[in-house]
Structures are given as C-alpha cells and as structure tokens.
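Got your viewer open and the selection box ready? Here is a short tour, stop by stop, with something to pick at each one.

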2 protein chains.
Amino acid sequence: MKIIIVGGVAGGASAAARARRLSEDAEIIMVERGPDVSFANCGLPYYIGDKITNRDKLLVVTPQRLKERFKLDVRTRSSVESINRTAKTVQILNLETGQGYNETYDKLILAPGAAPLRPPIPGIDLPGIFTLRNLQDMDRIKSSINAGVKQAVVVGAGFIGLELVENLVELGISTTVVELQDQVLPPLDKEMTAPLVKELQDKGVTLLLGEAAAGFEATDDGLVVRLKSGQALPAQLVTLGIGVRPENKLAVDAGLDVGPRGGIQVNEHLLTSDPNIYAVGDAIEVQDFVLESPTQVPLAGPANRQGRIATDNIFGRESTYRGTQGTAILGLFNKTAATTGASEKTLQRAERAYRKVYVHPVDHAGYYPGAQQMTLKLVFDPESGKILGAQGVGGAGVDKRIDVLAVAIQAGMTVFDLEEMELAYSPQYGSAKDPVNMLGFVASGMLREEHPQISVEALLKIPEANRPLLLDVRTIEEHDAGHIPGSINIPLDELRDRLSELPQGKEIAAYCKVGQRGYLATRILNQLGHPTKNVSGGYTTYGHYFMGE
Amino acid sequence: MKIIIVGGVAGGASAAARARRLSEDAEIIMVERGPDVSFANCGLPYYIGDKITNRDKLLVVTPQRLKERFKLDVRTRSSVESINRTAKTVQILNLETGQGYNETYDKLILAPGAAPLRPPIPGIDLPGIFTLRNLQDMDRIKSSINAGVKQAVVVGAGFIGLELVENLVELGISTTVVELQDQVLPPLDKEMTAPLVKELQDKGVTLLLGEAAAGFEATDDGLVVRLKSGQALPAQLVTLGIGVRPENKLAVDAGLDVGPRGGIQVNEHLLTSDPNIYAVGDAIEVQDFVLESPTQVPLAGPANRQGRIATDNIFGRESTYRGTQGTAILGLFNKTAATTGASEKTLQRAERAYRKVYVHPVDHAGYYPGAQQMTLKLVFDPESGKILGAQGVGGAGVDKRIDVLAVAIQAGMTVFDLEEMELAYSPQYGSAKDPVNMLGFVASGMLREEHPQISVEALLKIPEANRPLLLDVRTIEEHDAGHIPGSINIPLDELRDRLSELPQGKEIAAYCKVGQRGYLATRILNQLGHPTKNVSGGYTTYGHYFMGE
C-alpha cells in the first residue's frame with residue numbers, strides 16, 4: 001500500500017500517524033508546502049502576545065520525529081501540483097529546487113486546509129498587512145511588532161481576530177477592531193456577544209461594527225486604513241481575519257466534486273468522488289450534525305478525527321464520520337464564549353422550528369467565594385425537546401457547560417434529560433442544581449406548559465398598544481436602578497397581596513433579574529387567573545439586547 | 001391537598017417549593033427538627049476554614065423567605081414523632097415548648113436525611129469530639145478552634161473528612177487523618193487516590209491508613225486518641241466522618257419497608273410501601289443507575305431532584321427517578337478528585353465483567369502555559385464498550401471531564417462515542433484531542449484488538465518466571481531515573497532497528513511514561529511478529545500502585 005498525503009498539519013498528520021500504526025509496511029509519503037508539519041496553529045496568537053515564549057513548543061511534531069518514530073517519508077517545502085487520477089500519480093514540485101517529479105499512489109488523502117481570505121482591496125499588499133495561518137505569518141507579525149507598533153487594526157472579529165486583539169492589547173498596542181457584521185464573533189447569536197463587547201470596551205479596544213476596510217495607504221508612520229464609512233485609521237499593523245476558503249484548486253483541477261462554497265465533497269467515509277482519493281480537514285464540506293445539511297467548519301478537532309477515519313477506511317476498517325457540531329470556544333481577556341450545535345440564526349436560516357431559553361447562573365455555589373456569572377442559551381425542538389444547540393458566555397465554567405451540552409447533542413438528548421443530569425457538585429465546582437440542570441428546568445417547563453415564556457425580542461416586536469402588561473417582580477431598589485420601559489413594579493413577595501392592582505384579563509409579561517422570580521410570579525398568576533408569561537432570562541437578557549446601543 | 005414534609009434541607013425544601021409552584025391552594029407544612037431550613041451543608045467545612053466568612057450565606061433560604069415567597073407553613077424546632085398511617089395523621093413535638101399535637105395529611109413526604117455514625121467507642125462523648133452535619137455542629141467546631149486547637153485528629157478520610165483536613169491545615173492546625181480502610185476517599189479505587197496521598201503528605205498531614213480509633217481520654221491538654229494499633233495521638237479537636245446512617249426510625253416505627261442497610265424503600269416514583277407516603281434524599285434506598293441494584297448515596301444533587309419528583313407525582317404528573325450515578329467531587333488543596341458511575345471495586349463486588357484503561361493527559365494544550373496533569377480511569381463493558389464508570393484525579397479540568405463522562409453514562413454511550421466527542425478546544429481550555437477523546441481511543445483500541453493492553457496489577461499478579469518480557473520504550477534518561485524492576489530499555493525511536501535484541505516468541509509487555517509510546521511500540525511489535533501488550537497508563541499508573549509504599 002502506497003499512500004500520499006497532501007498536507008502535514010492537523011488532518012494530514014493524524015492520517016499519516018494512523019496509517020503507520022495500522023501498517024508497518026505501507027509506504028507513506030507526506031507532502032507539505034511549508035517548512036513545518038503538525039504545528040499548533042491555535043497557538044499562534046499567543047506566541048505573538050508572548051504568552052507562549054518558546055517557539056519550538058508550537059511544533060507539535062517535527063519532520064525528523066515523524067521520520068524516526070513513524071517511518072514516514074516527509075517532504076516539506078514541496079507542493080502537489082496536479083493529480084492524474086487515471087494513472088494514479090501526482091506531480092510534486094520541490095519548492096526549494098524548483099524541480100518537479102511524479103509519484104504514484106494507491107490511495108491519496110487530501111488535507112490541504114483552508115487559506116485566509118485576502119479580498120482585492122486597494123493597497124492590500126502593502127507591508128504591514130498580514131493574515132495569520134502558519135508560523136511564517138506569525139514570525140512576520142512578531143517582527144513587525146518588534147519593529148514598533150503603536151496602533152493596530154484587526155479586520156474581522158471572529159475567533160482568530162479576537163484572540164489577536166487580546167494579545168495585541170496586552171502588548172500595550174492601541175487596537176481597533178473592524179467587523180462587517182453588526183456583532184463580534186459571528187458564529188454566536190448577537191445578544192450572546194454583549195459581554196464580549198463590554199469586555200473589549202473595558203480593555204480600551206475601539207470596536208467598529210457594520211464597518212469594513214475599503215483601502216489601505218502607506219504613510220510616513222506606517223499605514224492608514226480607509227473604511228467604507230470614510231473614517232481613516234492610522235496603524236502600523238493590520239491583520240485580516242475575515243474568513244477562509246478551502247484550498248480546493250488541486251481537487252477542482254482533478255475534476256473532483258466540490259460544494260457550492262468550495263469545500264471538497266466527501267461521503268461519510270470521507271471518500272471524494274474518486275474511489276482512491278479521500279479528503280479531510282478545513283478543505284472539505286462536512287455534514288452539519290444537527291441540521292443534517294452540508295457546511296464548512298474549519299476546526300482542529302474534527303480535522304484530526306477525519307484524518308484518522310480516512311486512514312481507517314483505506315485499511316478496510318469501516319469507519320464513518322458523524323458530522324461536525326461546530327463546538328468552538330474563545331478566551332477573551334477574562335471572558336469565555338463558546339458554542340456547540342446550531343445557533344438561533346442558523347436555525348432561522350434553515351427555517352427550522354425551535355424554542356429557546358436563557359439562564360444566567362453562577363459557575364459554582366454562590367455561598368463559596370469567587371463565583372462568576374455566565375449566560376447560557378439553549379435552542380431545542382419545540383415538539384420533542386431535542387437539543388439543537390447551546391451557547392455560553394461569561395467567566396469560569398462556561399467551557400465545562402458547553403462540553404456537557406456538546407455531549408448531550410451528540411447523544412440526541414432532550415431538555416428533559418438535562419433536568420436529570422447528575423453532575424459533580426461541591427461548592428468550588430458547581431451547584432446542587434447545576435447551570436445545565438437549570439437550563440433543563442426552564443426549557444422543560446416551557447414544553448410542559450408549566451412555565452410559559454416569552455423572549456425579549458418577541459415581546460418587543462409586539463406593537464406597543466398590544467403588548468402585555470410588563471410586570472417587574474424585583475425589589476423596588478432593583479426596579480429603580482433600571483427596568484424595561486413601561487413596566488410596573490410589584491415585588492414577588494408582595495404579589496399575592498397586591499393582585500387587585502393587576503387589570504383583569506390582560507396578558508402579563510413578568511420579569512425579574514434572571515428569570516427565577518419571574519417564573520414563580522408566572523406560576524402564581526396563572527393559577528390565580530391572570531394569564532402570564534415569564535420574560536426568558538429576565539432583565540439580564542434584556543440588557544444583552546441593548547448593551548452597547 | 002394537604003402535604004406534610006418531614007425535613008427542610010435539600011430534598012424537603014425542594015419538594016416544598018415545587019409543591020407551591022404546582023399549587024397555589026395546597027396546604028404545605030414543613031416540619032424541621034433544627035432551627036434552619038435549606039442550609040448549604042456542603043459549605044460547612046469551608047466556614048470552619050474561614051473561606052466562607054459570612055455565616056448567613058450558608059442559609060440558602062430562611063424560614064421567613066419560605067413563608068413569604070412560597071406561602072409555606074414552616075415549623076422549625078419541631079419533630080415528627082410518629083405516623084398513624086390509618087388515620088393519616090402525624091404526631092408533632094414542638095421541641096421548644098415540649099408540646100405535642102397531631103396534624104392530618106393527604107400526602108406525606110419523608111426527607112429526614114442521614115445522621116453521622118457515632119460508634120460506641122469509650123470516651124466518644126467527651127468534649128472536643130464532633131461530627132459535622134449542620135450549622136450547630138459547625139458552630140461548635142468553630143468555637144472549639146477559636147478556643148485554641150494545636151492538633152486535630154480527623155477520623156475518616158471520606159469527602160467531609162478530607163474537606164475538613166484542608167480547612168484545618170490552612171488554619172495552621174497540625175492534623176492527623178485516621179482511616180480504617182487502606183486508602184483515602186473510599187468511593188474511588190485505591191490507585192486513583194495516590195495523588196491525594198501525596199498532596200496530604202506535601203501539606204504535612206499525618207495519614208494513618210488501616211487504622212481506627214479505639215478510645216478517647218481527656219487530658220490536661222485536651223484529648224488523647226487511642227488507636228487500635230496502640231498508638232496515642234494528642235489532640236484538642238477530633239472529628240468523626242466515618243459514614244452516615246439513614247434517619248429511618250419514623251419509617252420503621254410506621255411499618256414502612258426499609259432495605260438491609262436501613263434506607264427507606266421507594267419505587268421509581270419515590271413512593272414508599274404506603275400509597276400516601278413518599279420519601280426522598282439521604283434516608284432512602286435508591287437504584288444504582290449503572291449496576292441496577294439498590295444502594296444508598298447521600299448526595300445533595302440527587303436529593304434535590306428527588307424532592308421535585310416526589311411532589312410531581314403527588315400532583316399527578318408522572319415523573320420517575322432514573323437512579324443515582326454517584327457523581328461526586330472533592331477539592332483537596334490544589335488537587336481535584338471525582339467519580340461517576342461504578343468504580344472497579346464495586347464492579348468486582350457485583351461480579352460484573354469489565355475492562356479498564358488509564359490515561360494521564362494534561363488539561364489543556366501542552367504548548368500553552370499552565371497545563372496540569374490529570375489521571376483518568378475508565379471502566380466499561382468488555383463486549384459492548386458501554387461506559388460503566390469513570391474516575392479522575394489531578395489539577396485543573398478534572399471536574400469538566402468527569403461531568404462529560406457523567407453525561408455519557410446517563411446517555412448509555414460507549415467508548416466508541418468518546419472517540420467522536422467534539423469538545424470545545426482552544427489552547428487555554430483543552431486539546432484538539434481532548435483527554436476524554438484519549439480515553440475513547442485507548443479503550444476502543446483495546447476492544448477492537450488493535451491495542452492489546454495489560455493492567456499493572458494483572459502484570460504483577462503473574463508469577464515472575466512466567467511474566468512477559470518487560471520492555472521500557474522510554475529514553476535512556478527516563479529509564480535510568482526509575483523503571484519497573486526487571487525491564488529492559490529500548491527507546492521507541494530505536495525499536496525497529498534493534499528487533500534482534502528481543503527474544504523470538506516470548507510475550508512482551510511494553511511501557512512508557514503514560515501509555516502513548518507503549519501503544520506505538522505495541523503496534524510495531526505485533527505487526528513484526530512479537531506478541532506484545534501495552535501496560536495501561538505506563539510507568540505513571542505503575543507509580544500510582546506503589547506511591548506511599
């Protein structure tokens with residue numbers, strides 16, 4: 001068996017190592033365009049920010065180690081230029097010598113990755129404008145910073161962009177973020193990003209949403225970034241993180257099927273339209289595990305898994321890829337934001353029915369010092385209660401809850417299962433009713449019709465004249481410190497005694513700080529003849545919609 | 001509907017609050033022997049250690065709040081003395097006035113909890129010897145410490161005992177732990193507790209295993225604890241944490257069924273043998289979710305859930321309790337230890353077939369600063385791969401992995417599902433191959449017979465003459481720093497070139513530091529005609545068996 005693997009980072013390296021584990025006598029050639037294989041691309045922003053100080057640590061495995069330990073034929077600085085599917089050969093170009101040669105294969109695995117988008121904006125090729133994909137990009141940005149950067153513009157507020165922001169700010173660089181969408185971290189729903197916006201503001205970052213770079217010009221002091229709005233931003237460093245496109249040229253030239261957004265198409269065994277060619281990683285189109293539709297999700301974990309699965313199939317071990325959930329996480333200064341499964345907006349785009357709830361619990365028992373608040377959002381099927389997606393933002397413990405919910409999605413669990421989860425509790429780690437249990441209670445209560453709820457935006461969409469009576473059941477002090485306009489205030493503990501203040505027959509939308517007292521008010525009022533819904537997530541969720549406006 | 005609830009802490013308070021949410025007009029009487037309801041008993045050790053400084057924070061809900069918000073009839077310092085099941089009445093004793101009276105009920109919920117064991121050892125009632133169950137116990141221990149304690153003896157190295165140790169040591173008290181079993185934290189398997197033993201030793205705690213208190217005597221300087229071995233320990237404070245027994249007297253006197261270990265027996269709706277009496281919390285016998293056999297597990301999370309479920313059934317909402325997994329966690333100085341599902345020893349006791357694996361990964365990407373090692377152990381069905389239990393011990397991130405595995409057990413997942421888990425990865429939070437994925441790879445490899453493994457103790461049980469050849473595939477430096485006696489050393493990267501040094505036909509047990517290189521060696525050697533097994537968890541797991549001996 002002779003296998004050629006195109007690309008030596010996450011998916012390619014996993015495929016190669018797996019191939020050797022399965023066969024001592026296979027001939028395994030790994031062809032990688034860059035000088036490095038299997039490097040830690042998720043670590044690049046942190047080397048720029050001096051959090052990772054030893055560059056060698058980013059080299060997960062060296063070509064030398066792959067040769068010694070896995071008996072691989074590693075060819076770095078080499079590019080596969082074309083595939084002859086009939087002859088089962090590839091043409092390889094040695095980028096050092098310029099020499100080309102052919103190599104036969106029995107099986108080919110394509111793991112070329114995805115390249116950062118670099119739109120044809122005037123001046124985009126000026127010095128000082130960078131994308132960040134590999135160690136060489138990282139070195140260039142680092143050199144630029146070492147040469148003196150006072151102001152940076154980060155174009156694109158996705159994962160890599162925001163990770164760069166954190167690191168640039170911590171180096172003392174004045175940083176502006178320019179994002180075309182009206183929110184940061186577009187994989188999340190907008191209201192979930194409010195705490196990130198606040199965090200950026202607190203750290204002195206200038207955030208320009210709904211804005212884009214229109215051109216770049218060289219100046220005596222570096223660059224000026226001209227925005228669509230006309231604004232001009234001086235900078236000595238510009239980074240572009242506005243998305244990636246699959247490296248599909250090789251596949252397209254060879255006539256392999258690619259999807260509408262450019263991802264190489266594969267079946268559940270990760271086989272392309274050619275029976276001898278597999279493809280894995282950021283270059284492929286995958287199945288969205290929740291929506292069961294094609295998508296492209298460039299993530300390291302899935303790439304590694306796919307590399308393993310492609311190789312298994314090559315060696316006759318039937319192995320299928322179950323699809324990608326899109327579990328992803330961002331650390332931004334002291335905040336964490338994470339997502340798994342479908343977002344509300346992807347469900348809307350797919351015209352899929354859903355319901356949603358918010359909770360704002362603390363990460364561990366409130367009576368133990370250091371508890372930090374988080375916001376969790378859950379989207380689920382309105383009939384079965386099956387969990388479709390979850391997002392979290394806050395301080396400590398967000399990663400744990402999103403991982404728990406990622407497993408729940410994988411297992412096909414429902415909101416009713418969340419109520420019953422038995423998670424590890426002692427006061428430093430959680431609560432007897434964990435934040436995930438709370439999500440389950442609130443969502444199950446909605447589906448059981450014990451706990452009627454209305455979302456903030458559903459409420460605000462109702463013309464004012466037809467809106468339910470807004471009833472704030474928090475304390476007078478809380479109400480006075482800020483409330484939804486037009487609401488009346490009856491503290492929960494006085495509610496039973498002040499029923500006469502409520503108009504008969506009028507619908508009520510009750511709310512409190514996070515939803516807990518609003519829930520109790522809803523239970524009381526519905527039983528006493530006042531049709532009431534609880535505003536999901538309360539005034540805190542309301543604040544998420546209006547923060548920064 | 002008139003409901004009487006006996007006991008006002010976790011299960012009782014949850015049942016009462018739920019009852020009010022379901023019915024505004026139910027009459028709900030909560031009878032609690034102590035002065036407090038719904039207090040945070042898991043926080044008691046941390047108040048003793050001054051980590052929680054505001055005592056009021058331990059009162060999750062006051063009787064006053066329950067009256068105002070939930071319209072409950074809360075009767076503290078009151079004891080239900082007997083049940084007349086025919087008349088459907090209880091006799092209540094007011095512990096303040098000494099007055100007794102009867103109260104009728106439609107439904108009764110028993111949530112009396114469990115009491116700390118206090119064995120009839122000579123001197124056990126001397127001043128300075130405490131159990132820790134409620135705020136009054138806590139206050140007494142705190143007063144004792146404030147009066148001056150130089151030396152403490154903690155009898156029992158379970159969760160509460162070890163939490164007390166942490167807090168006493170941090171107050172500067174010289175502390176000795178006395179534990180009857182040959183390990184600390186008996187719910188875990190012994191080898192998993194090795195890092196805890198080391199942590200205790202590092203903090204200067206004297207640990208006496210396989211030892212018990214035989215008697216206590218008053219001295220000029222407080223107490224002396226006489227041990228079975230004859231050793232005498234001076235102390236000004238002794239705590240007893242050697243287990244609890246269900247508070248079942250009321251149930252037994254009323255003729256309700258109780259199990260062999262004293263737990264009140266209930267069906268899946270938490271109904272006792274009387275159709276009008278439910279029971280919840282530490283006093284009941286529950287179904288072990290994994291072993292499907294009766295057990296007793298005193299934990300706050302399950303108690304809360306049971307309270308809710310009992311009430312649901314009272315109000316005609318069919319709701320079933322799925323059983324208890326026993327998910328539990330301990331923080332001990334800088335270490336975390338946690339468990340969910342069955343341990344190896346409970347599987348052995350139940351004569352249930354299983355297989356097991358160990359991994360020793362770090363909690364987040366090794367290239368990002370601050371990664372901490374953990375040890376995870378997984379036990380699973382040898383045929384289906386269904387996960388039966390998991391344990392973890394280490395630094396950061398143990399709680400997250402045990403929660404993920406708790407959900408996997410709840411969902412009935414297999415080790416093959418662990419391979420495919422898509423968990424949140426960025427370098428601060430995890431790895432592209434998460435520790436849970438690693439468990440999946442190692443366990444699945446075992447079941448697929450790709451990765452033959454032998455456990456340390458299975459290896460050592462083989463008479464020396466018949467043992468496989470022990471092959472250390474670590475570097476020479478690692479080998480020289482310590483190895484399993486009798487092993488030869490061929491570093492992995494030299495293995496293919498030094499095959500001639502291996503005897504033909506003899507079985508080999510390969511090992512490395514944590515199992516990764518041992519796995520690769522196993523793959524290479526088996527393919528090249530040397531029957532080889534990998535020692536699960538490598539030299540690190542070996543160390544767990546021999547640490548402290």
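Is K88(B) buried, exposed or partly exposed, going by the other C-beta atoms within 10 Å? Select K88(B) and have a look: there are 18 other C-beta atoms within 10 Å, so K88(B) is partly exposed. Keep in mind as you go that this is a predicted model.

**Stop 1: the loop around K88(B)**

While K88(B) is still highlighted, show the strands on either side. You'll find K88(B) in the loop between β4 (78-84) and β5 (89-94) of chain B. Now check the backbone: phi is positive here, about 55°, although K88(B) is not a glycine. That is worth a glance, because most residues other than glycine have a negative phi.

Step back into strand β4 of chain B and pick S82(B). With 15 C-beta neighbours inside 10 Å, S82(B) counts as partly exposed. Leave aside the neighbours within four places in sequence, and S82(B) is in contact with V90(B), Q91(B) and D253(B). For a sense of scale, draw a C-alpha to C-alpha distance from S82(B) to R317(B): you should get 28 Å, for two residues that are 235 apart in sequence.

**Stop 2: a loop residue, E318(B)**

Next, type in E318(B). This one is in the loop between α8 (300-314) and β22 (328-332) of chain B. Buried or exposed, judging by other C-beta atoms within 10 Å? Count them and you get 9, so E318(B) is exposed. Another distance to draw is the one to E292(B): the two residues are 26 apart in sequence and 21 Å apart in space, C-alpha to C-alpha.

**Stop 3: over to chain A, at β3**

Switch to chain A and select R75(A), which lies in strand β3 (residues 73-75). R75(A) has 21 C-beta neighbours inside 10 Å, so R75(A) counts as buried. Beyond the neighbours within four places in sequence, R75(A) is in contact with I29(A), M30(A) and V31(A), so show those as sticks too. Then add G7(A): R75(A) and G7(A) are 68 residues apart in sequence, but 9.8 Å apart in space, C-alpha to C-alpha.

Now move along to R77(A), in the loop between β3 and β4 (78-84) of chain A. Here is another positive phi in a residue other than glycine, near 50°. R77(A) has 15 C-beta neighbours inside 10 Å and so counts as partly exposed.

**Stop 4: two helices within chain A**

Color α1(A) and α8(A). Their axes come within 7 Å and cross at roughly 35°, and the crossing is right-handed. To see who meets whom, show side chains on both helices: residues of α1(A) including A10(A), G11(A), S14(A) and R18(A) meet residues of α8(A) including A300(A), A303(A), N304(A) and G307(A). Sorted by class, the residues of this contact between α1(A) and α8(A) divide into 7 nonpolar, 7 polar and 2 charged.

**Stop 5: where the chains meet**

Zoom out until both chains are in view. How many residues of chain A are in contact with chain B? There are 64, and they touch 64 residues of chain B. On the chain A side, α1 (10-22), α3 (63-70), α8 (300-314), β21 (328-332), α10 and α15 (516-527) each supply at least two residues. The largest share, 9 residues, comes from α10(A). By class, the side of chain A that touches chain B has 34 nonpolar, 11 polar and 19 charged residues.

Select α10 (residues 398-410) in both chains. The two helices pack at an angle of about 20°, with their axes 9 Å apart. That makes α10(A) roughly parallel to α10(B). Their crossing is right-handed. D399(A), K400(A), D403(A), V404(A), V407(A) and A408(A) meet D399(B), K400(B), D403(B), V404(B), V407(B) and A408(B). This contact of α10(A) with α10(B) has 6 nonpolar, no polar and 6 charged residues.

**Last stop: the symmetry**

Try superposing the chains. A turn of 180° with a shift of 0.0 Å along the axis lays chain A on chain B with an RMSD of 0.0 Å. The two copies are thus related as by a two-fold rotation axis. Finally, compare the interface residues: 100% of those in chain A are also interface residues in chain B, so the copies meet through the same surface.

Notes:
Residues numbered from 1 in each chain as written. Chains lettered and ligands numbered in written order. Predicted model: local features only at pLDDT ≥ 70, side-chain atom pairs only at ≥ 80, totals over all residues. Least-squares fit on C-alpha atoms with pLDDT ≥ 70 in both. Contact = placed C-beta atoms within 7 Å. Axes fitted to C-alpha atoms, helices over the stretch in contact; angles between N-to-C directions. Helix = DSSP H or I, 4+ residues; strand = E, 2+ residues; numbered from the N terminus. Parallel < 35°, antiparallel > 145°, perpendicular 65-115°, else oblique. Left-handed = near helix turned anticlockwise from the far one by under 90°. Nonpolar A, V, L, I, M, F, W, Y, C, P; charged D, E, K, R; others polar. Buried ≥ 20, exposed ≤ 12 C-beta atoms within 10 Å, placed from the backbone.
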